[in-house]
Amino acid sequence: MTDGYKYQRVLLKLSGEALAGDLGYGIDPKVVDDLAEQIADIVHDGVQLAVVVGGGNIFRGVSGATEGMDRAQADYIGMLATVMNALALQDSFERHGVFSRVQSAINMQEVSEPYIRRRAIRHLEKGRVVILAAGTGNPYFTTDTTAALRACELDAECLLKATKVDGVYDSDPRSNPEAKKFDRISYLDVLSRGLNVMDSTATSLCMDNHLPMIVFDLTVKGNISRALQGENVGTTVE
């Protein structure tokens with residue numbers, strides 16, 4: 001086990017919205033820079049890290065579909081948005097001395113490697129961050145499902161879900177000041193209560209494969225490291 005860290009290999013799920021910061025749209029260089037700084041510390045300490053990034057800061061497939069666009073087509077556009085985010089992350093990681101590889105589920109050989117499980121694991125073993133782009137390569141699957149799937153495939157010990165909220169609540173804390181936060185909750189409770197932690201496909205996948213997940217607030221600097229060290233950050237779902 002890596003000194004001071006509870007987990008040796010983890011998958012970090014970043015929403016596209018998180019990269020937008022206060023801009024609300026696109027990529028905020030300051031947010032990406034802060035993130036790269038935190039990740040550099042963790043990776044240099046020996047933690048193996050894979051990252052799945054969403055594309056909601058550029059385009060959301062589901063909302064595109066509600067505007068009358070074909071759902072599958074909208075989802076493909078969303079997948080391409082995640083590749084843009086992945087390349088921005090890679091640039092920032094490498095400026096902070098972190099070697100990284102972008103692997104895309106949609107073949108784009110000029111800017112990324114294809115997603116190959118064994119190659120991704122080899123990169124992790126060599127201390128490179130693997131940024132997984134273009135979702136699963138299939139429409140109708142969210143990047144939450146991608147994160148759960150890739151975490152299982154890559155033998156990650158934990159799935160870190162970075163959000164703008166400090167954990168899982170029994171109702172939306174933004175609209176209900178009485179909302180109660182959970183320190184720990186089971187996947188079964190998440191499903192039965194209809195809590196929107198992840199979509200039901202992703203939640204079931206984690207539950208069936210006994211993959212613990214930590215939901216935490218990305219906007220608090222140092223939270224990634226604290227979560228990995230086993231501190232009580234956010235909510236643990238298992």
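## Residue A88

A88 is partly exposed, with a relative accessible area of 22%. That value falls outside the buried class because buried means under 20%. The model is a predicted one. A88 lies in helix α4, which covers residues 71–95.

Beyond its neighbours within four places in sequence, A88 contacts I27 and V32. D208 is far along the chain from A88: 120 residues apart in sequence. In space, the C-alpha atoms of A88 and D208 are 33 Å apart.

## Helices α2 and α4

Two packed helices are described by the angle between their axes and the distance between the axes. Helix α2 spans residues 29–44. Its axis and that of α4 come within 9 Å. They cross at roughly 55°. The two helices are therefore oblique to each other. The crossing of α2 past α4 is right-handed.

Which residues of α2 meet α4? On the α2 side they are V32, D33, L35, A36 and I39. On the α4 side they are A88, L89, S92, F93 and R95. By class, this contact has 7 nonpolar, 1 polar and 2 charged residues. A88 thus appears again here, among the α4 residues that meet α2. V32, one of the α2 residues in this contact, is also one of the residues listed as touching A88.

## Strand β10 and its partners

Strand β10 covers residues 213–217. How many of its residues are buried? The count is 5 of the 5, so β10 is largely enclosed by the rest of the structure. Its side chains point two ways: M213, V215 and D217 one way, I214 and F216 the other. Residues pointing either way are buried.

β10 pairs with strand β6, residues 158–163. These two strands run parallel and are joined by 5 bridges. Within this pairing, T163 stands opposite D217. β10 also pairs with strand β11, residues 235–237. Here the strands run antiparallel, with 3 bridges. V215 of β10 stands opposite T235 of β11.

## Residue D144

D144 sits in helix α6, residues 143–153. Is D144 buried or exposed? It counts as buried, because its relative accessibility is 12% and the buried class is under 20%.

Leaving out residues up to four places away in sequence, D144 touches six named residues: K13, K161, V197, M198, D199 and A202. One of them, K161, falls within the residue range of β6, 158–163.

Key: Residues numbered from 1 in each chain as written. Predicted model: local features only at pLDDT ≥ 70, side-chain atom pairs only at ≥ 80, totals over all residues. Heavy atoms only, no water. Helix = DSSP H or I, 4+ residues; strand = E, 2+ residues; numbered from the N terminus. Buried < 20%, exposed > 50% of the residue type's maximum accessible area, 1.4 Å probe, protein only. Contact = heavy atoms within 4.5 Å. Pairing = 2+ DSSP bridges. Axes fitted to C-alpha atoms, helices over the stretch in contact; angles between N-to-C directions. Parallel < 35°, antiparallel > 145°, perpendicular 65-115°, else oblique. Left-handed = near helix turned anticlockwise from the far one by under 90°. Nonpolar A, V, L, I, M, F, W, Y, C, P; charged D, E, K, R; others polar.
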